[in-house]
Amino acid sequence: MVDKSYWSRNMHRLTLLFFFFFKFVGLATFSLNNQANLNKKNSENTMFFISSKLGILYNLFGSCLIIALSFYSIPITLYSDYIHKTIITNIIEIFLIILGCFVMISTLLFYCIFESVIIKIGNYLINTENVLRHLQQPLNRKHIFNVLFLICLFMLILFIILLITEIKNFNPGPIVLMANIVPLIFVSLLFIQYFFVLNLIYAIFVKLNCIIQNFCRSRYDDINLKVVNQTRCVFMSYSRIHLFIQIRDIYNHLCDISREVSHFYSFSILTALSFIFLVILYNSYYLFLLFVNELNFLLITNTIIWIMLPLSLLALLTSKVTKVINEIEKTGYIIHILLNCTIDRETKIELEQFSLQLLHQKVKFTANGYFTLDNTLFHSMINTVTTYMVILVQFQMGTSNQNANFCNCTQCRLS
């Protein structure tokens, strides 16, 4: 019991740490409230989210600072000098600053306008986790937060290396450095937060599928779904039917919340994907220039990390979305087996109703309806970057040839 309460306190502190970290960057305008839930032997803190006007003012103030930062950083970046600077790199770099500022400002304002939506999503996930705990099917909070901690640690290490190599290679001023690094940090935290929400949803879907799958167990043996499908001897008592209806309601509400999550993050993720695409394209093109002109270890390391960071964020998000969708589809397979195995009419009626509801529960995670956020998006991003890289390289080679021909003609006339 002591060990359990110890882990509970640690999870509570870790939750507060992540919450205040997201709040600092403007990705949590709401406040966190604790409610003591007294039981017979121990007390447990239940957290829930409430609206906060101070958080909205904080985001509005942050938006003004970002606008001021862009006005100062664009002229400095325009006339700054660095190794292998070309007209293309300069144009893309200016556009990156503008797009990065737009991503941050639009996301901060979006969190202010739709604060009630994210509060509803967060409180529902907390309530669902509490319901599963009361049903003796708690989520593995330790695993969920360990995954989040390792991801944040990995990103932090990459950002530290990126910052060191950026200063060593380019020696930028503080304004230019902030204009370059801060948008990527903000987008990274947005992706990590979305990943965390999806990870919670995925864990709940997995737990619900496990509970539904337990209805397939025989009264005499602990057997798997394939054996049950062959024996066809599933029977539910009245209490188990009542539990099944409760699980079905939780599942339907979770599908609704998943759609709200997709809708809430859709526009912010769309703008962030545009920013990520441009970051990958710009640094891939710059990496090509480094290999063609000069092999510099620090520059190559810096450029590779600029490519690795957004690609790893995209891979994390798309893989988690794919897992959530696969887990939702798995429910239909389990219900189909249960229907084939059920022998009493009342249970079959409830299963048929659940099966009909599953036909209408189409959950998709999209970027404002333009892209589906699954593994196909990751492949499409790589293919698109490769295509535009070829265009930029051809354009650069054409420009170099024109300059060389112009110099040769000039020398001939002078001679």
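**Close-up views of a predicted model**

Glu 129 has a relative accessible area of 9% and is therefore buried. This residue is the starting point for the first of several views, all of which are drawn from a predicted model.

**View 1. Glu 129 is joined with Arg 133 and Arg 141 in one network of salt bridges.**
Glu 129 forms a salt bridge with Arg 133, in which the closest N and O atoms are 2.5 Å apart. Because Glu 129 and Arg 133 are four residues apart in helix H4, which spans residues 115-134, about one helical turn separates them. Arg 133, with a relative accessibility of 21%, counts as partly exposed, whereas Glu 129 is buried. A salt bridge also links the side chains of Arg 141 and Glu 129, with an N to O distance of 3.4 Å. Since Arg 141 belongs to helix H5 and Glu 129 to helix H4, this pair ties together parts that are twelve residues apart in sequence. Arg 141 counts as partly exposed, at 27% relative accessibility.

**View 2. Arg 259 and Asp 256 meet in a salt bridge within helix H8.**
The side chains of Arg 259 and Asp 256 come together with an N to O distance of 2.4 Å. These two residues are three positions apart in helix H8, so that about one helical turn lies between them. Arg 259 is partly exposed at 28% relative accessibility, and Asp 256 is likewise partly exposed, with a relative accessible area of 34%. In total, the structure holds four salt bridges. As a general point, side chains of opposite charge can pair when their charged atoms come close.

**View 3. Asn 169, in helix H5, is a buried residue with a side-chain contact to the backbone.**
Helix H5 covers residues 141-170 and includes Asn 169. With a relative accessibility of 18%, Asn 169 counts as buried, because the cut-off for that class is under 20%. The side chain of Asn 169 reaches the backbone oxygen of Thr 165 at a distance of 2.8 Å. When residues up to four places away in sequence are not counted, Asn 169 touches Asn 296, Leu 298, Leu 299 and Asn 302.

**View 4. Tyr 265 is one of the residues that touch the most other members of the largest nonpolar core.**
This core comprises 117 residues, and Tyr 265, Ile 269 and Leu 373 are those that touch the most other members. The element that gives the most to this core is helix H8 (residues 238-293), which supplies 27 residues. Leaving aside residues up to four places away in sequence, Tyr 265 touches Tyr 111, Ile 118, Leu 190, Gln 193, Tyr 194 and Val 197. In soluble globular proteins, nonpolar side chains tend to be buried together.

**View 5. Cys 64 is exposed, whereas Cys 255 is buried.**
The relative accessible area of Cys 64 is 51%, which places this residue in the exposed class. Cys 255, by contrast, has a relative accessibility of 0% and counts as buried. The structure holds zero disulfides.

**View 6. The whole protein chain comprises eleven helices and two strands.**
Read from the N terminus, the elements follow the order α-β-β-α-α-α-α-α-α-α-α-α-α. Of the 415 residues in the chain, 48% are buried. Among contacts with a separation of 6 or more, 81% are between residues 24 or more positions apart. The accessible surface of the chain is about 22100 Å², and carbon and sulfur atoms account for 65% of that area.

Notes. Residues are numbered from 1 along each chain as its sequence is written. This is a predicted model: local features need pLDDT of at least 70, side-chain atom pairs count only at pLDDT 80 or more; totals for chains, interfaces and linings use all residues. Side-chain values use heavy atoms; hydrogens and water are left out. Buried means under 20% relative accessible area, exposed over 50%, partly exposed in between (1.4 Å probe, protein chains only). Contact means heavy atoms within 4.5 Å. Accessible areas come from the Shrake-Rupley method with a 1.4 Å probe; for residues, only the protein chains shown count as cover. A polar contact is a pair of N or O atoms within 3.5 Å; within protein, one must be able to donate a hydrogen and the other to accept it, and residues adjacent in sequence count only if both atoms are side-chain atoms. A nonpolar core is a set of buried Ala, Val, Leu, Ile, Met, Phe, Trp, Tyr and Cys residues joined through side-chain atoms within 4.5 Å. A disulfide is a pair of cysteine sulfur atoms within 2.5 Å.
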